[in-house]
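User: I have the sequence and the model open. Please explain the terms used for it and the values behind each one.

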Amino acid sequence: MHLGGSPLHFAQASEEITMRSARTWRELPFHLMILPALLLIAVFSYIPMAGITIAFQKFIPAKGLFGQQKWVGWDNFSYVLELPSFGQVLWNTLYISSFKLVLGLLVPIIFAILLNELKNETIKRSIQTTIYLPYFLSWVVLGGILIDLLSPSGGIVNALLKSFSIEPVFFLGDNKWFPATLIVSDIWKSFGYGTIVYLAAITGIDPGLYEAATIDGANRWKKAWHITLPGMRMVIVLLSVLSLGQLLNAGFDQVFNLYSPQVYESGDILDTFVYRIGLLDAQYGVATAVGFFKSIVSLVLISGSYFLAYRFAKYRIF
Amino acid sequence: MSGNSTKSASTVMYRSPGTGKRFDWFVVVNATFLIVVAVLCVLPLLHIIALSFSSSAAASAGYVKLWPVDFTLASYDFTAGREGFWRSMVISLERIAIGTPLNLLLTILVAYPLSKETQHFRFRLVYAWIFFVTMLFNGGLIPWYVTIKQLGLLDSIWALVLPGAVPVFSIVLLLNFFREVPKELEESAIIDGAGQWTTLWRIYVPISKPAIATLALFSMVEHWNSWFDGLILMGNPVHYPLQSYIQTIVIQMNFGSMSRDELLNLALISDRTLKASQIFLGSLPIIAAYPFLQKYFVKGIVLGSVKG
């Protein structure tokens, strides 16, 4: 690159500038299209991110976000760590979410393989549609149903147990049963979703493979094991990796609608904990500190899971 | 080589008539199992519906299984007479009427530029990252709440609509859909003198109608089902959307908002049948639409998970 060039260079340079401005002009509509959404996420996603400063303050709501708050360093964090309930809450979160994660993966895989064995399309589709329905109902609705169903006095499940002369079980009020109830009912709501995803993956398998296997004398189990499962491998890897990012999400909507003080010991999770100390006890700083902890760990988990999904399943989000 | 193929051919000839005639236990057991599980998935809902149409005496005596006992509309009469129910229903509909078009508009407007190649839109990756980061990290509940409060949005319908107005995941789905649109269509439009806006609305949007319809359906379901934001962002219960309203009655069992007359009426029907009716009403639009829009409901996840 020469400094101070010939007239030719100048001409080239000015042409480059015109081209660039023409390009900017051409791209202008794109910027305008994005602008409204950009403003909205700036306000409702990025300002709250900056609001994490609350975790380091003795936050007084009246003074407002970014107001003259008293800074307290890491005090809120050490306060949380000293709370005896925090360790329990963290454990509950991990316990509940890992079970949901593993079963939430296995149950749909098994179901999809079994459904795939059905040759009658009408029955297959009806089952598929039926098991998918609870996915679209809110946890307010499903929670209300479960509370009635599982009630120890008059709920139909306990009435059924009684007819087998089994003692009534207080599924939602007994720490022994509460986590299992959460896990099973979560599977109830969501396994139809996973099943359809896996079925879609199975549809993509070359039917020729099955024909060849039949000719080689493979039975049903061998075909499921050697053709169907490997055919689903990519989707299985993808979904399991992506679900790892959700490890700290034990299901706020569900727990919130089903728990009660007597099962805090086994069912209180990070999100419900944040809600109670933050919005009910108005300890904004402490609740934000817990939320910040969760966000940081989730950031690592989610980024890691996207990275793995990219490495192993060529999954790209953009 | 040739001997081998003759052998497998003879196996096929030998096996296929056999499998056709033999009674296959697996098929029967498998089908039965799947049908039973599918039925178990909806039985709880049927039980609740039966309860809601039963008399309070039958409900509390535990006579109701899957069919109403002493059929009555008492709990629905009671609900229909409650002003709060209708008010929150209107708020829910209002929320969908504003929220879903807004979601779709913003999804389309962001997905289109981001679906371009970097050579056609230099800032594509910068913007993509700005949106993507919101999927990786968030400020958490309290800063989010404080922000909305400080904007003066509490107790307004905008608090239910604006914070979630940019559905980043839908944007990702739609931009991948846009990428599949044949480039020739766009090129011929540009040659005809169409600008980017025209190309988007005249070519991309019409061609992506099925995907957009699916996103619209999911957006509506989400707005209908949302309850937590209503609960914390609406200070006054008169601003609750329906799911928040139902939440306070069914889950929190908070009857504080009822008048004395209503409480007296409530004594006539049982708390249990009333709750059952609220649960049913809360899920009714989805259950009613489900059989007809099944295709789109299913397409939604296939779109979402195993995208191209």
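**Packing, burial and backbone**

Analyst: Helix α12 (residues 270–280) of chain A packs with helix α7 (residues 141–150) of chain B at an angle of about 40°, and their axes are 10 Å apart. Helices here are DSSP runs (H or I, at least four residues; strands are E, at least two), numbered from the N terminus. Axes are lines fitted to C-alpha atoms, for helices over the stretch in contact, with angles from 0 to 180 degrees between N-to-C directions.

User: Why is α12(A) called oblique to α7(B)?

Analyst: Under 35 degrees counts as roughly parallel, over 145 as roughly antiparallel, 65 to 115 as roughly perpendicular, and the rest as oblique. The angle is about 40°, so α12(A) is oblique to α7(B). This is a predicted model, in which local features need pLDDT of at least 70 and side-chain atom pairs count only at pLDDT 80 or more, while totals for chains, interfaces and linings use all residues. Residues are numbered from 1 along each chain as its sequence is written, and chains are lettered from A and ligands numbered from 1 in the order in which they are written.

User: Which residues of α12(A) and α7(B) meet?

Analyst: From α12(A) they are V274(A), Y275(A), G278(A) and L279(A), and from α7(B) they are L141(B), I142(B) and Y145(B). Contact requires C-beta atoms, placed from the backbone, within 7 Å of each other. By class the residues are six nonpolar, one polar and no charged (nonpolar: Ala, Val, Leu, Ile, Met, Phe, Trp, Tyr, Cys and Pro; charged: Asp, Glu, Lys and Arg; polar: the others, Gly among them).

User: How do you know whether I142(B) is buried or exposed?

Analyst: A residue is buried with 20 or more other C-beta atoms within 10 Å of its own, exposed with 12 or fewer, and partly exposed in between. I142(B), in helix α7 of chain B, has 31 such neighbours and therefore counts as buried. Leaving out residues up to four places away in sequence, I142(B) touches I54(A), G278(A), Y284(A), A287(A), T288(A) and G291(A).

User: How many residues does each chain give to the contact between them?

Analyst: Chain A gives 75 residues and chain B gives 77. On the chain A side the largest share, 15 residues, belongs to helix α1 (residues 7–50). That side divides into 52 nonpolar, 16 polar and seven charged residues.

User: What makes α5(B) and α9(B) oblique to each other?

Analyst: The axes of helix α5 (residues 83–114) and helix α9 (residues 168–179) of chain B come within 8 Å and cross at roughly 50°. That angle fits none of the parallel, antiparallel or perpendicular ranges, so α5(B) and α9(B) are oblique. Their crossing is right-handed, meaning that the near helix is turned clockwise from the far one by less than a right angle; anticlockwise would be left-handed. Residues of the contact include T107(B), I108(B) and A111(B) from α5(B), with L174(B), L175(B) and F178(B) among those from α9(B). The contact has nine nonpolar, two polar and no charged residues.

User: Why are α8(A) and α9(A) called oblique?

Analyst: Helix α8 (residues 207–215) and helix α9 (residues 220–244) of chain A pack at about 140°, with axes 11 Å apart. About 140° is not over the antiparallel limit, so α8(A) and α9(A) are oblique. The crossing of α8(A) with α9(A) is right-handed. L209(A), Y210(A) and A213(A) of α8(A) make the contact with K222(A), K223(A) and I227(A) of α9(A). By class there are four nonpolar, no polar and two charged residues.

User: What makes α10(B) hardly covered?

Analyst: Helix α10 (residues 183–191) of chain B has zero buried residues among its nine. For chain B as a whole, buried residues make up 38% of 308. G193(B), which follows α10(B), has a positive phi near 90°.

User: What sets phi of A282(A) and phi of D155(B) apart from the usual case?

Analyst: Most residues other than glycine have a negative phi. A282(A) has a positive phi near 55°, and D155(B) has a positive phi near 65°. A282(A) lies in the loop between α12 and α13 (284–313) of chain A, and D155(B) in the loop between α7 and α8 (158–161) of chain B.

User: Why does A282(A) count as partly exposed?

Analyst: A282(A) has 13 other C-beta atoms within 10 Å, which places A282(A) in the partly exposed class. D155(B) also has 13 and therefore counts as partly exposed.

Definitions and conventions:
Two residues are in contact if their C-beta atoms, placed from the backbone, lie within 7 Å.
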